[in-house]
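Me: I should like to learn how to read the features of a structural model, one at a time. Could we work from contacts and rings to helices and the core?

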Amino acid sequence: MSLIAEIIDRLFHPNRDPHAVPVLDGPFSPNRLLEQAQPVSPVLEGADDFLVLAAEGAPGFLVSGPEGLVRLAQGERSLFAATEAAAGAMAPRQGGGVFVALEGRGVLALDAAGRVLWQAAQVAGRPLHAVTALATGPDGRLYAADASQTNTVSDWKTDLMQAGAPSGRIVALDPATGTGEELVTGLAWPAGVCVSADGGQLWFSEAWTHRLWSLDLARGTRRLLTRNFTGYPGRIVAQGAGFWMSFFALRTELTEFVLSERAFCERMMAEVPRDLWIGPALNSRMAHLAPTQLGGIKKLGIEKAWAPPRSYGLAALFDAQGEGVASWHSRVGGPFHGITALRSAGGRVFALSKGEGVIVELPQTETWLREDAA
């Protein structure tokens with residue numbers, strides 16, 4: 001892009017990221033903490049989100065996936081609720097039970113026995129087409145991130161590469177009936193939502209613009225907290241006065257370049273299988289076929305940890321102001337990539353690596369313990 005074109009772009013799009021992909025530094029400096037995490041579940045292919053049922057001793061979980069909701073408790077696996085479409089984002093329901101998003105079918109409310117109480121298929125006359133995240137407030141109200149009106153959750157990479165007009169939104173649902181209202185519209189794939197500890201703020205992430213927002217629930221005003229993450233921000237969960245956030249992939253200069261070259265990108269999407277597109281991935285299992293940058297080529301059978309990542313594992317802890325405090329990484333060649341969910345319970349924090357289909361427990365650090373005490 002020429003200098004004149006860049007100046008014009010800045011004038012007409014002042015909120016667009018003005019610079020390239022930032023480096024990982026400060027509280028996001030690379031480490032191997034996530035690689036040191038301990039698996040606490042069997043392999044669950046297609047698992048997308050989870051809730052913690054018991055944090056003491058051997059933890060128990062309720063996990064969403066292609067067949068519905070699966071309960072993992074005391075070393076046993078059982079089907080809690082079968083669903084008509086793949087189950088995704090989850091949130092606990094006050095009084096027992098759970099809210100769960102279905103692929104292209106909206107949101108279900110289930111009681112403690114797994115029975116359906118209601119199903120919300122649309123809000124404000126538009127379908128709940130791609131619900132990526134759910135969160136309940138202190139009053140029991142349910143908040144949902146509906147990422148797109150054109151693509152479903154499993155088509156997230158297609159939505160990114162199409163670079164279409166943002167159609168995502170944040171909605172609020174009545175926990176008793178499922179009726180709802182729109183709070184924020186015109187978002188580029190909102191992928192995470194969380195209510196602050198005092199119930200006054202709603203934090204939400206916007207993946208394709210790499211941003212983190214705060215919405216004042218009383219005034220209806222929103223504030224930009226972070227505008228240019230290195231990764232694609234995903235789901236958010238409260239931790240003390242702050243919160244945890246998962247990043248399901250990292251950005252790369254190559255992907256950003258392909259996104260800017262629309263003719264090439266459209267042809268790639270039309271002629272190349274989606275798993276082999278130039279773009280982010282939840283795992284690198286097909287790395288021998290996937291396009292890569294020169295820095296990602298193995299030498300002496302070793303893939304460098306600092307190579308341009310096709311997939312990556314990243315979980316981060318933030319304070320109440322949205323400032324990063326610490327991060328846990330599984331670098332290139334590491335074991336746990338594609339982190340799509342985090343949960344905190346009983347002084348322990350668990351993460352779901354969708355890329356590997358396993359739940360792991362994060363190793364504690366002094367920074368984490370300080371923030372938890374605050």
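Reply: Let us begin with a term. A polar contact is a pair of N or O atoms within 3.5 Å; within protein, one must be able to donate a hydrogen and the other to accept it. Please keep in mind throughout that this is a predicted model.

Me: With which residue does the side chain of N228 make a polar contact?

Reply: The partner is the side chain of R251, at 2.9 Å. N228 itself is located in the loop between β19 (222–226) and β20. Its relative accessibility is 10%, and because buried means under 20%, N228 counts as buried.

Me: What is the overall make-up of the chain in helices and strands?

Reply: The chain contains 5 helices and 26 strands. Of its 374 residues, 52% are buried. Among contacts between residues at least 6 apart in sequence, 51% join residues at least 24 apart.

Me: How is a pair of aromatic rings described?

Reply: Two quantities are used: the distance of the centres and the angle of the planes. A search of the whole structure yields 17 aromatic pairs. One of them joins W156 and F248, with ring centres 5.5 Å apart and planes at 75°. Planes over 60 degrees apart count as edge-to-face, so the pair of W156 and F248 falls in that class. This pair links distant parts of the chain, since W156 belongs to helix α2 and F248 to strand β21, 92 residues apart.

Me: Which geometry does the pair of Y232 and F248 have, stacked or edge-to-face?

Reply: Y232 and F248 are stacked, with 5.9 Å from centre to centre and 15° between the planes. Y232 lies in strand β20 (residues 231–239) and F248 in strand β21, so the pair ties together parts that are 16 residues apart in sequence.

Me: Are the rings' residues buried or exposed?

Reply: W156 and F248 are both buried. For F248 the relative accessibility is 10%, while Y232 is buried with a relative accessible area of 1%.

Me: Which residues form an aromatic cluster together?

Reply: One cluster is formed by F28, W203, F229, F243, F247 and F318. Its member W203 is placed in strand β17 (residues 201–206) and is buried, with a relative accessible area of 3%. The C-alpha atoms of W203 and L215 are separated by 6.3 Å, although these residues are 12 apart along the chain.

Me: Where does the charged end of R222 sit?

Reply: The charged end of R222 sits over the ring of W213, 4.3 Å from the ring centre.

Me: How should I read the sign of phi in a backbone?

Reply: Most residues other than glycine have a negative phi. Two residues here have a positive value without being glycine: A124, with a phi of about 55°, and W189, also with a phi of about 55°. A124 occurs in the loop between β10 (122–123) and β11 (126–127), and W189 in the loop between β15 (180–187) and β16 (190–195). As to accessibility, A124 is exposed at 53% relative accessible area, whereas W189 counts as buried at 3%.

Me: How can I tell whether the buried residues of a helix share a face?

Reply: One considers the arc, which is that of the directions from the helix axis to the C-beta atoms. In α3 the buried residues are T255, V258 and L259. They cover an arc of only 100° around the axis, which puts them on the same side of α3. Their cover includes α2, β20 and α4.

Me: What arc do the buried residues of α4 cover?

Reply: The buried residues of α4 are C265, M268 and M269. Down the axis they fall within an arc of 95°, so they line one face of the helix. The face turned away from this buried side carries the exposed residues A263, R267, A270 and E271. Covering the buried residues of α4 are, among others, α2 and α3.

Me: How many residues does the largest nonpolar core have?

Reply: The largest nonpolar core has 22 residues, and those with the most contacts inside it are M161, W189, W208, F248 and M268. At least two residues of this core come from each of α2 (156–162), β21 (242–250), α3 (253–260) and α4 (262–271).

How values were computed
Residues are numbered from 1 along each chain as its sequence is written. This is a predicted model: local features need pLDDT of at least 70, side-chain atom pairs count only at pLDDT 80 or more; totals for chains, interfaces and linings use all residues. Side-chain values use heavy atoms; hydrogens and water are left out. A nonpolar core is a set of buried Ala, Val, Leu, Ile, Met, Phe, Trp, Tyr and Cys residues joined through side-chain atoms within 4.5 Å. Buried means under 20% relative accessible area, exposed over 50%, partly exposed in between (1.4 Å probe, protein chains only). Helices (H or I, at least four residues) and strands (E, at least two) are DSSP runs, numbered from the N terminus. Rings of Phe, Tyr and Trp (its six-membered ring) pair if their centres lie within 6.5 Å; planes under 30 degrees apart count as stacked, over 60 as edge-to-face and the rest as tilted. A charge sits over a ring if NZ of Lys or CZ of Arg is within 6 Å of the ring centre and within 35 degrees of the ring normal. Contact means heavy atoms within 4.5 Å.
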